[in-house]
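Reader: Could you take me through the largest pocket here, and then through what surrounds the ligand? I'd like one connected account.

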Amino acid sequence: MKQEHDSFDAVVIGAGIVGAACADVLAGNGLHVAIVEEKCIGAGATGAGMGHIVVMDDSPAQLALTRYSQLLWEQLKSELPDSVEYEETGTIWIAADEEEMEEVFRKRDVYATCGIQSKVLGRTALLVKEPELRTSLAGGLLVASDSILYPPTAAKFLVDRACAAGAVLLHG
Ligand SMILES: Cc1cc2nc3c(=O)[nH]c(=O)nc-3n(C[C@H](O)[C@H](O)[C@H](O)COP(=O)(O)OP(=O)(O)OC[C@H]3O[C@@H](n4cnc5c(N)ncnc54)[C@H](O)[C@@H]3O)c2cc1C
């Protein structure tokens, strides 16, 4: 047993969603990986996160990275166990007034440049989708390709897959 833990190609500190994803890729590429977690999988921010897999466009880099991440999750979805609760719920960006509707149209056009289809909703269409919203909102943008999952079990799935490829999870 001691011998197995003597040397590793890579040591990942923390089994949150980021460490789990790194360990999964490293182990999948044949490296001997140790994952060191002081508490339990998803004990940090991963356990508090909402799990919204959403494309965001505050900068071109963020747009490219969040879209890339979303495509990776889409590729993985057929392998995810039910416990991960992956669901393509979509996102509705809500506009309170006509000024914010301008932002809805801008966002739609930006998303279209990277192949993301979205749909502008007027006031009535928004309330049909979300009847509990207040009636004075101007509308919104429906981005159907966004999704949601349960981050701690998603991290566990990635850690389990890393371990199946030879990684070792060390607690403490
Ligand atoms: C309220 C909230 C909502 C969020 N909603 C979303 C969302 O909808 N979509 C989204 O993409 N992101 C969301 N986020 C952000 C997301 O949760 C984080 O970016 C992500 O979980 C960070 O993962 P991580 O693996 O880097 O860190 P963490 O999940 O914090 O993992 C770090 C791990 O390292 C361990 N650790 C720390 N120090 C040591 C040590 N010395 N030795 C061993 N182990 C150690 C900790 O126990 C922990 O398990 C949200 C965050 C919050 C707080």
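Author: First, the classes: Ala, Val, Leu, Ile, Met, Phe, Trp, Tyr, Cys and Pro count as nonpolar, Asp, Glu, Lys and Arg as charged, and the others, Gly among them, as polar. The model is predicted, so local features need pLDDT of at least 70 and side-chain atom pairs pLDDT 80 or more, while totals for chains, interfaces and linings use all residues. Residues are numbered from 1 along each chain as its sequence is written, and side-chain values use heavy atoms, without hydrogens or water.

Now the largest pocket (an open set of 1 Å grid points where a 1.4 Å probe fits, with protein on both sides within 12 Å along at least five of seven lines). Its volume, the space filled by probe spheres set on the joined points, is about 820 Å³. There are 28 lining residues (an atom within 4 Å of a point), and I17, A21, S69, L72 and W73 come closest to the centre. By class, the lining has 18 nonpolar, eight polar and two charged residues.

Where do these residues come from? Going by DSSP runs (helices H or I, at least four residues; strands E, at least two), α1 (17-28), α2 (45-48), β3 (52-53), α3 (60-76) and α6 (151-164) each give at least two. The largest share belongs to α3, with nine. Because domain 1 (1-50 + 151-172) and domain 2 (52-149) both contribute to the lining, the pocket lies between them; those bounds come from an automatic or database domain assignment.

On to the ligand: it is surrounded by 19 residues (a heavy atom within 4 Å), with V18, E37, A45, T46 and H52 the closest. Among the polar contacts (N or O pairs within 3.5 Å), a polar side-chain atom of T46 sits 2.5 Å from a ligand oxygen, and one of E37 sits 2.6 Å from a ligand oxygen. E38 uses a backbone N or O atom instead, 3.2 Å from a ligand nitrogen. Two or more shell residues come from each of α1, β2 (33-37) and α2. This shell divides into nine nonpolar, eight polar and two charged residues.

Note on methods
A polar contact is a pair of N or O atoms within 3.5 Å; within protein, one must be able to donate a hydrogen and the other to accept it, and residues adjacent in sequence count only if both atoms are side-chain atoms.
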